[in-house]
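Me: Hey, can you walk me through this structure? I'd like to start with any empty space inside.

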Amino acid sequence: MPYWRLSGFYFFYFASLGALIPYWGLYLKSLGFSAAAIGTMMATIMATKIISPNIWGWVADHTGKRMAIVRLGGLLSFLAFAGIFISQEYWWLIIVMMLFSFFWNATLPQFEATTFSHLGEHTHRYSSVRLWGSIGFIAAVWIIGQQLEGTKISYLPFVLMGLFVSIWISSLVVPNEAAVQVHHDHEPLKNVLKRPEVMGLLAICFFMQMGHGPYYTFYSIYMQDYGYSLSFIGFLWALGVIAEVIVFMMMHKLVPRFGLKKLLISSLLLAACRWLLIAFFPVNMPLMIFAQLLHAASFGVYHAVAIQLVHNYFVGKHQGKGQALYSSVSFGAGGAIGSLYAGYTWESLGTTYTFMIATVVSLVAAYIAYKKIPA
């Protein structure tokens, strides 16, 4: 298994996520956009995940050329993002982010399927590869938080451009043959999707990411409004992902001991607790630090379990489609709806109610997990 080549891609991909998600809202705010406009633009990035991964997943499963799609997506995404330097008008930014994210969102699901093809029967080692993505996120969020305070946030597009180019370059060194698989499973996809546990898992993923909508879109703005510096906000983001990395390193022990269902339900309940703390105690620094440590559960445990279940449920020729559906239903549809409702409730209902909605949808996801996911 080409461990470092796989890990390098994850590093740069999630470093770009660490630059985009925590700070893009602040960059847009510096341009004078309203909360509703920011929410809509962030939703645009996530909404393309509803369509893009499924289109490219279908192509990958029918051609077997996953890495060719990853490379093409990486190339076209940074070329499309270059449009950000032409104009900063609202509708132009919408178009640029829609086009860029259509290609950017195509790459990760196919790379995830490629990674699992490398792992073979050793799927429990996934977390040890994926943790380098978390390390990349930490590095980006920490450095940007330290260096782009105040008006320097205007340099963010240049940082992102460098990271998107690095994603494409890192994709070039992953062997082509690793992405080619011979499939013998011809069960129709619709039969897989009709299974109660599959429908339940997709619903859980949708609600979980919907609950993350206010966090991914407005957390940095929220913390800044309560007087926290950008460097400390960067520390909080990094702290959450450090906790995530630790969990990834422990998952190979946690899964055999507790099982996927118990871990999933626990992650969803702890996510609900996290949003409650952020909603009601933003001025309490120790509680905000603790809330960030809960990222170990609300993303780390949840994602490791969810992607393992996707791998278990979507077998053979459906691997690429399964990863694409996971991405489109959760980070796509769930993330887009989460960003949209956050954008429109942030100023009309208030920040507390916005995070309360996140709490409720996380509890709904926990109930579905209890009822639909087999022990």
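**The space inside**

Reply: Sure. The largest cavity holds about 480 Å³ of space. Keep in mind that this is a predicted model.

Me: How many cavities of 30 Å³ or more are there?

Reply: The count is one.

Me: And which residues are closest to the centre of the largest cavity?

Reply: Those are Phe14, Leu17, Lys49, Phe299 and Phe331, out of 33 residues that line the largest cavity.

Me: What classes of residue make up the lining?

Reply: The lining of the largest cavity has 18 nonpolar residues, 11 polar ones and four charged ones.

Me: Which helices supply at least two residues of that lining?

Reply: Helix 1 (3–30), helix 2 (35–63), helix 4 (90–119) and helix 5 (126–147) are among them. Helix 8, helix 9 (230–258), helix 12 (295–313) and helix 13 (319–345) each supply at least two residues as well.

Me: OK, zooming out. How many helices and strands does the protein have?

Reply: It comes to 14 helices and zero strands. Read along the sequence, the pattern is α-α-α-α-α-α-α-α-α-α-α-α-α-α.

Me: Why call it as compact as a globular protein of that length?

Reply: Because its radius of gyration is 19 Å, close to the 21 Å that the globule rule gives for 375 residues. The C-alpha atoms fill a box of roughly 55 × 45 × 35 Å along the principal axes.

Me: What share of the residues is buried?

Reply: Buried residues make up 61% of the 375.

Me: Let's do aromatics. How many aromatic pairs are there?

Reply: The count comes to 39 aromatic pairs. Take the rings of phenylalanine 102 and phenylalanine 103: their centres are 5.3 Å apart and their planes are at 80°, so this pair is edge-to-face.

Me: Why does that angle make it edge-to-face?

Reply: The cut-off is planes over 60 degrees apart, and 80° is the angle for phenylalanine 102 and phenylalanine 103.

Me: Are those two buried or partly exposed?

Reply: Phenylalanine 102 is partly exposed, with a relative accessible area of 24%. Phenylalanine 103 is buried, at 14%.

Me: Got another pair for me?

Reply: Try tyrosine 215 and tryptophan 275, whose ring centres are 5.6 Å apart with planes at 40°, so the pair is tilted. Tyrosine 215 lies in helix 8 (residues 196–225) and tryptophan 275 in helix 10 (residues 260–280), so the pair ties together parts 60 residues apart in sequence. Both tyrosine 215 and tryptophan 275 are buried.

Me: Which charged end sits over the ring of tyrosine 215?

Reply: That's arginine 274, with its charged end 4.3 Å from the ring centre. Likewise, the charged end of arginine 130 sits over the ring of phenylalanine 14, 3.8 Å from its centre. Phe14 also belongs to an aromatic cluster whose members include Phe9, Tyr10, Trp24 and Phe164.

Me: Switching again: where is serine 52?

Reply: Serine 52 is in helix 2, and at 0% relative accessibility it counts as buried. Serine 52 and serine 328 are 276 residues apart along the chain, yet their C-alpha atoms are separated by 7.7 Å.

Me: And what about leucine 189?

Reply: Leucine 189 is found in helix 7 (residues 189–193), and at 23% relative accessibility it counts as partly exposed. Leucine 189 and alanine 366 are 177 residues apart in sequence and 26 Å apart in space, C-alpha to C-alpha.

Note on methods: Residues are numbered from 1 along each chain as its sequence is written. This is a predicted model: local features need pLDDT of at least 70, side-chain atom pairs count only at pLDDT 80 or more; totals for chains, interfaces and linings use all residues. Side-chain values use heavy atoms; hydrogens and water are left out. Rings of Phe, Tyr and Trp (its six-membered ring) pair if their centres lie within 6.5 Å; planes under 30 degrees apart count as stacked, over 60 as edge-to-face and the rest as tilted. Buried means under 20% relative accessible area, exposed over 50%, partly exposed in between (1.4 Å probe, protein chains only). Helices (H or I, at least four residues) and strands (E, at least two) are DSSP runs, numbered from the N terminus. A charge sits over a ring if NZ of Lys or CZ of Arg is within 6 Å of the ring centre and within 35 degrees of the ring normal. On a 1 Å grid over the protein atoms alone, a cavity is a set of points where a 1.4 Å probe fits but cannot get out, and a pocket is an open set with protein on both sides within 12 Å along at least five of seven lines; lining residues have an atom within 4 Å of a point. Grid points are joined across faces, edges and corners, and a volume is the space filled by probe spheres set on the points. Ala, Val, Leu, Ile, Met, Phe, Trp, Tyr, Cys and Pro count as nonpolar, Asp, Glu, Lys and Arg as charged, and the others, Gly among them, as polar. The radius of gyration is taken over C-alpha atoms; the globule rule is 2.2 Å times the number of residues to the power 0.38.
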